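Here is a short report on how one protein chain packs. Keep the structure open while reading.

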Amino acid sequence: YSWYLLRDSSGTILNYIETELDDFISDTKEKPKKTISIERVFNRALAQALFSGKRSIDTIDLLLSILYESETPSFYICKKFGLQRETLIHAEMNENY
């Protein structure tokens, strides 16, 4: 997958994940919980992968699925960095063909 899509003028979403979210996760004492949103994201990603003829879920499938969950912090972070479904779909199509 072309990770250059995750760049923006103020840095990268990957840098944000590695710094800000890593600090947040390491400060949290709670164990992650399985939520309905998480289950929907993985089910949607799996369906997307299967309909695309894949045998497993790729990162792009998860990102696309996250971008359908508009009421989540993950969606907010993706939007904050300008990551859009259409851009990912276009990149995936170009990479697969």
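A residue counts as buried when its relative accessible area is under 20%, and as exposed when that area is over 50%. By that rule, Val41, Ala45 and Ala49 are buried in helix H2. These three residues cover an arc of only 60° around the axis, which puts them on the same side of H2. The model is predicted.

**Overall layout**

The protein chain has five helices and two strands. Along the sequence the order is β-β-α-α-α-α-α. The chain has 97 residues, and 27% of them count as buried. Consider the contacts with a separation of 6 or more: 54% of them join residues 24 or more positions apart. The accessible surface is about 7,300 Å². Carbon and sulfur atoms hold 55% of that surface.

**Helix H2**

H2 spans residues 36–51. Its 16 residues reach 22 Å from the first C-alpha to the last, close to the 22 Å expected at 1.5 Å a residue. What lies over its buried residues? The cover includes H3. On the face turned away from the buried side sit the exposed residues Ile36, Leu50 and Phe51. After H2 comes Gly53, with a positive phi near 85°.

**The loop and Lys54**

Lys54 lies in the loop between H2 and H3. Is Lys54 buried or exposed? Its relative accessibility is 17%, so Lys54 counts as buried; the cut-off for buried is under 20%. The Lys54 side chain also makes polar contacts with two acidic side chains, listed here.

| Side chain | Partner side chain | Polar contact distance |
|---|---|---|
| Lys54 | Asp58 | 3.3 Å |
| Lys54 | Asp61 | 3.1 Å |

**Helix H3**

One of these partners, Asp61, is itself a buried residue of H3. The other buried residues there are Ile60, Leu63, Leu64, Ser65 and Ile66. Why is H3 described as largely enclosed by the rest of the structure? Six of its eight residues are buried, so the description follows.

**The nonpolar core**

Which residues form the largest nonpolar core? There are ten: Val41, Ile60, Leu63, Leu64, Ile66, Leu67, Phe75, Cys78, Leu83 and Leu88. Helix H3 (59–66) and helix H4 (73–80) each supply at least two of them. H3 gives the most, with four residues. Val41 belongs to this core and is also one of the buried residues of H2.

**Helix H4**

Phe75, Ile77 and Cys78 are the buried residues of H4. They cover an arc of only 160° around the axis, which puts them on the same side of H4. Phe75 and Cys78 are also members of the core. The opposite picture holds on the face turned away from the buried side: Pro73 and Tyr76 are exposed there. Just after H4, Gly82 has a positive phi of about 75°.

**In brief**

H2 keeps its buried residues within an arc of only 60°, and H4 within one of only 160°. H3 has six of eight residues buried and gives the most to the largest nonpolar core. Lys54 is buried in the sense used here, and its side chain has polar contacts with Asp58 and Asp61.

Technical notes:
Residues numbered from 1 in each chain as written. Predicted model: local features only at pLDDT ≥ 70, side-chain atom pairs only at ≥ 80, totals over all residues. Heavy atoms only, no water. Core = buried A, V, L, I, M, F, W, Y, C linked by side-chain atoms within 4.5 Å. Buried < 20%, exposed > 50% of the residue type's maximum accessible area, 1.4 Å probe, protein only. Arc of directions from axis to C-beta. Polar contact = N/O pair within 3.5 Å; in protein donor to acceptor, adjacent residues only side chain to side chain. Contact = heavy atoms within 4.5 Å. Areas by Shrake-Rupley, 256 points an atom, 1.4 Å probe, with all protein chains shown as cover. Expected span 1.5 Å × (residues − 1).
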